[in-house]
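Subject: Structure for your files

Hello,

Here is the structure we talked about, with the sequence alongside. My notes on what was found in it follow below.

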Amino acid sequence: MRARGRAGLSARLGRGALKLVSVTLPPDTDQPLFPGRAHRPGSARAGSRVTGCREAGQMPAPLSRKIGQKKQRLAESQQQQIPKEKPPSAPGLQRSIYFSSSEDHPARLGPEFFDQPAVTLARAFLGQVLVRRLADGTELRGRIVETEAYLGPEDEAAHSRGGRQTPRNRGMFMKPGTLYVYIIYGMYFCLNVSSQGAGACVLLRALEPLEGLETMRQLRDNQRKNAAGRTLKDRELCSGPSKLCQALAIDKSFDQRDLARDEAVWLERGPVESSSPAVVAAARIGIGHAGEWTQKPLRFYIQGSPWVSVVDRVAEQMYHAQQTA
């Protein structure tokens with residue numbers, strides 16, 4: 001029986017009764033090779049003929065495609081993380097030594113800075129940096145070293161004395177931080193900033209030039225009658241309210257602008273110093289026929305600064321006496 005069974009099986013195999021079946025997979029199939037059996041990576045490649053043995057080193061197209069997509073996403077992610085090169089800064093614009101970085105400047109001061117009484121604001125202005133951006137993108141900077149406070153309707157030396165409002169002084173009655181620019185002698189401008197209190201403001205009297213000095217010099221020369229006779233020294237560029245406006249190209253068009261939000265002029269916090277500068281309180285300049293208000297110590301300046309317009313020796317002696325008492 002066993003001999004006949006083996007012989008019959010051999011005869012049937014020899015006649016081709018049992019044949020090896022070939023299967024061709026469609027190129028984009030995601031189905032396993034055999035239903036109910038997990039398709040292992042590398043077992044067959046799409047479009048190849050399966051003969052019962054795995055082709056070495058081959059993997060299905062769907063898996064290969066997914067790996068390629070992951071590699072592409074990884075490359076794109078790495079490309080986005082590479083920092084872009086910054087364009088070189090414009091030549092000729094020299095930065096001040098007071099700024100540690102040639103690219104970044106302190107954030108501009110907002111509305112809350114200006115919302116304080118005139119005297120407090122006049123003192124707070126000292127040391128801050130006034131910035132003027134010209135139409136060609138050039139930025140001029142100067143550190144405020146001298147101011148004057150005007151207290152509003154009660155102040156006999158203020159343009160708002162008695163509470164009177166006119167088209168000329170409207171900026172004094174607007175929200176804190178509003179610019180009030182007026183003209184004197186029919187040709188010079190003065191820059192004021194409104195403070196807390198209707199009709200109160202602060203006059204900016206002098207700056208220490210920090211950036212764009214040659215541009216300031218050129219702007220000043222354009223306003224001088226005999227500019228060809230002598231070159232202005234650095235300390236002469238902004239040592240006075242009208243000089244300040246000339247050096248920064250500020251005119252009546254800046255009246256009633258918002259210093260906290262304007263794109264052409266703003267205020268930045270000044271450089272941090274190890275110690276607070278000594279501030280002298282002296283009488284205001286050019287105040288006449290204002291009774292007792294003529295001598296009130298409402299002008300403030302940084303003692304020892306060579307950029308101040310007028311030094312008051314008597315006021316400085318009084319300041320020293322108070323400090324040593």
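**Two loop residues with positive phi**

His-289 sits in the loop that joins strand S9 (279-282) to strand S10 (299-302). Before going further, please note that this is a predicted model. His-289 is not a glycine, yet its phi is positive, at about 60 degrees. Most residues other than glycine have a negative phi. His-289 counts as exposed, because its relative accessibility is 90% and the cut-off for exposed is over 50%.

Tyr-185 is a second case: it is not a glycine either, and its phi is positive at about 55 degrees. Tyr-185 belongs to the loop between S5 and S6. With a relative accessible area of 74%, Tyr-185 is exposed.

**Overall make-up**

The protein has 325 residues, and 39% of them are buried. Its secondary structure consists of seven helices and 10 strands. Among contacts with a separation of 6 or more, 60% are between residues 24 or more positions apart.

**The largest pocket**

The volume of the largest pocket is about 480 Å³. It is lined by 23 residues, and those closest to its centre are Tyr-150, Tyr-182, Ile-285, Gly-286 and Ile-287. Four elements each give two or more residues to this lining: strand S4 (139-150), strand S5 (179-184), strand S6 (188-194) and strand S7 (201-211). By type, the lining residues are 15 nonpolar, four polar and four charged.

**Arg-217 and Leu-248**

Arg-217 is part of helix H5 (residues 213-223). Is Arg-217 buried or exposed? Its relative accessibility is 10%, so Arg-217 counts as buried, the limit being under 20%. The Arg-217 side chain comes to 2.6 Å from the backbone oxygen of Leu-232. If residues up to four places away in sequence are not counted, Arg-217 touches Thr-231, Leu-232, Lys-233, Asp-234 and Leu-237.

Leu-248 is 31 residues from Arg-217 in sequence, with 9.7 Å between their C-alpha atoms. Leu-248 is found in the loop between helix H6 (241-247) and strand S8 (265-268). Its relative accessibility is 0%, so Leu-248 is buried. Apart from neighbours within four places in sequence, Leu-248 has contacts with Leu-130, Arg-132, Leu-134, Leu-140, Leu-207 and Met-216.

**Val-131**

Val-131 belongs to strand S3 (residues 129-133). At a relative accessible area of 0%, Val-131 is buried. Outside the four places on either side in sequence, Val-131 is in contact with Glu-139, Leu-140, Arg-141, Ala-264, Val-265, Trp-266 and Glu-268. Leu-140 is thus a contact of Val-131 and also of Leu-248. Val-131 and Glu-211 are 80 residues apart along the chain, and 9.2 Å separates their C-alpha atoms.

**Pro-111**

Pro-111 is in helix H3 (residues 111-114). Its relative accessibility of 34% makes Pro-111 partly exposed. Beyond its neighbours within four places in sequence, Pro-111 contacts Ala-260 and Arg-261. The C-alpha atoms of Pro-111 and Lys-175 are 9.0 Å apart, with the two positions 64 residues apart along the chain.

**Cysteines**

How many disulfides are there? The count is zero. For Cys-238, the closest cysteine sulfur is that of Cys-245, at 9.7 Å; this is too far for a bond, because a disulfide needs the two sulfur atoms within 2.5 Å. Cys-238 is also buried, with a relative accessibility of 1%. Cys-201 is buried as well, at 2% relative accessibility.

Best wishes

Note on methods:
Residues numbered from 1 in each chain as written. Predicted model: local features only at pLDDT ≥ 70, side-chain atom pairs only at ≥ 80, totals over all residues. Heavy atoms only, no water. 1 Å grid on protein atoms, 1.4 Å probe; cavity = no way out; pocket = protein on both sides within 12 Å on 5 of 7 lines; lining within 4 Å. Points joined across faces, edges and corners; volume = space filled by probe spheres on them. Nonpolar A, V, L, I, M, F, W, Y, C, P; charged D, E, K, R; others polar. Buried < 20%, exposed > 50% of the residue type's maximum accessible area, 1.4 Å probe, protein only. Polar contact = N/O pair within 3.5 Å; in protein donor to acceptor, adjacent residues only side chain to side chain. Contact = heavy atoms within 4.5 Å.
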